[in-house]
Structure formats: structure tokens, C-alpha cells
Amino acid sequence: MSEWFETTQGIWAQLWHTLACGIADADHPARVPTFATVSPDGWPEARTVVLRTADPHAAVITVHTDLYTDKIKSLSKAPRAGLHVWDESQQLQIRLQATVSIESGAQTRALWHKIPDHAQQSYGVTPPPGTVIDDALDYRKKPDPATFAVLTCRVMHVDAVHLGAAHRRACFSRARHWDGQWLSP
């Protein structure tokens with residue numbers, strides 16, 4: 001039997017398994033991918049987010065955010081993002097490119113009620129995120145479902161690299177129906 005990294009199908013299955021582990025296990029490295037956008041004035045922006053869902057059949061992942069964050073401003077202008085996961089235990093790097101839709105208000109109300117109280121604290125900061133303040137703690141957290149948003153990321157392209165004894169790199173795209181291609185690492 002071959003190792004998962006010896007075939008493109010094995011890599012495809014493993015990268016989605018890794019993302020699923022990030023959802024199920026708060027200590028898994030896939031739980032907190034880097035989420036990159038381009039600011040309205042053209043600068044790259046990267047931040048850590050929490051992975052909330054990963055659907056391999058639809059090739060869709062979701063993350064949550066506050067409607068007043070810079071990422072919302074960036075996504076409103078250019079609704080695309082890159083996500084990066086590094087899982088050292090597997091020597092696996094996953095890079096995803098996705099188109100992003102923003103859902104809030106009535107679209108997310110049912111989900112808001114399922115979020116634990118401690119997690120709701122991240123949505124509803126006064127003044128809004130990114131506002132200049134006089135002191136480091138000169139803000140208030142007041143959970144507000146009106147500021148809660150779900151970013152639905154429709155994956156368009158995936159680049160996966162296994163950095164084992166022999167490096168292997170494969171890419172997958174929606175346009176090619178996720179048929180993997182080997183790339184030089």
C-alpha cells in the first residue's frame with residue numbers, strides 16, 4: 001500500500017482530512033490558517049483566522065469575522081483570499097485560493113445562537129476594530145449579532161507540498177475538476 005503523498009489523489013484526500021482535523025481539534029495547526037487579502041490601497045494583508053467548516057465535496061471552507069474588520073473592507077473591493085496551513089507533523093503545506101462571499105444579518109442569525117458565549121465576545125467591539133485608541137485597553141467588548149459575519153470561501157485552486165525525504169508538490173483546480181497535477185517542488 002502506498003503512502004498518502006505518493007499520489008495526487010492521496011494528497012487531495014489528506015489535505016481535506018487535515019482541514020477537517022483543524023475543525024475538530026482546537027490544538028491542530030489547521031485550526032488557525034493564515035488568511036490573506038489585498039487591502040483597498042493594494043497592500044497585502046495576512047492574519048490568523050479560525051477555520052469553522054471544510055466541505056471537500058463542494059470545496060468550500062468558512063471562517064467567522066466581525067463586519068468592521070479590515071478584511072471585510074478588503075473583500076468588499078476584491079472578494080478573493082489566500083489561505084495557508086502548515087502542519088509540521090505531516091510536513092504538509094496547504095495553500096488555497098478562494099473567492100469569498102460575506103454573509104451577515106438574517107443569513108447568520110441561526111448560527112449566532114449556536115456560538116458559545118466566550119466566542120461571541122469577538123463580534124461587537126467598541127470602538128470598531130482598527131480604530132485608533134488612546135490606551136491599549138480603551139475598548140469594550142459587547143457581543144452583537146449585527147456585527148457577526150461568515151466568510152464562505154469557494155476554493156478555486158489548491159497547491160499542496162509534502163516536504164518529506166523526497167519533496168512532492170501537487171496542484172488542484174476547480175477548472176480541472178480537481179484532477180491533480182504534479183509540480184516541481
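Here are a few short exercises on the structure above, each with a worked solution.

This is a predicted model, where local features need pLDDT of at least 70, side-chain atom pairs count only at pLDDT 80 or more, and totals for chains, interfaces and linings use all residues. Residues are numbered from 1 along each chain as its sequence is written, and side-chain values use heavy atoms, with hydrogens and water left out.

**Exercise 1. Work out how the span of helix H1 compares with the expected one.**

Start with the labels: helices (H or I, at least four residues) and strands (E, at least two) are DSSP runs, numbered from the N terminus. H1 covers residues 8–24, 17 residues in total. The expected span is 1.5 Å times one less than the number of residues, which gives 24 Å here. From first C-alpha to last, H1 reaches 24 Å, so it's close to expectation.

**Exercise 2. Explain why Cys 21 and Cys 171 have no disulfide partner.**

First, the cut-off: a disulfide is a pair of cysteine sulfur atoms within 2.5 Å. For Cys 21, the closest cysteine sulfur is in Cys 153, 19 Å away, so that's too far for a bond. For Cys 171, the closest is again in Cys 153, at 20 Å, also too far. The whole-structure search agrees, finding zero disulfides.

Next, check the surroundings. Buried means under 20% relative accessible area, exposed over 50%, and partly exposed in between (1.4 Å probe, protein chains only). Cys 21 is partly exposed at 22%, whereas Cys 171 is buried at 7%.

**Exercise 3. Classify the ring pairs Trp 12–Trp 178 and Trp 112–Phe 148.**

Rings of Phe, Tyr and Trp (its six-membered ring) pair if their centres lie within 6.5 Å; planes under 30 degrees apart count as stacked, over 60 as edge-to-face and the rest as tilted. The structure holds seven such aromatic pairs.

Take Trp 12 and Trp 178: with centres 5.0 Å apart and planes at 25°, the pair is stacked. Trp 12 sits in helix H1 and Trp 178 in the loop between strands E10 (167–173) and E11 (181–183), so the pair ties together parts 166 residues apart in sequence. Trp 12 is buried at 16%, and Trp 178 is buried at 17%.

Now Trp 112 and Phe 148: 5.5 Å centre to centre and 55° between the planes make this pair tilted. Trp 112 lies in helix H3 (residues 109–112) and Phe 148 in strand E9 (residues 148–163), so parts 36 residues apart in sequence are tied together. Both residues, Trp 112 and Phe 148, are buried.
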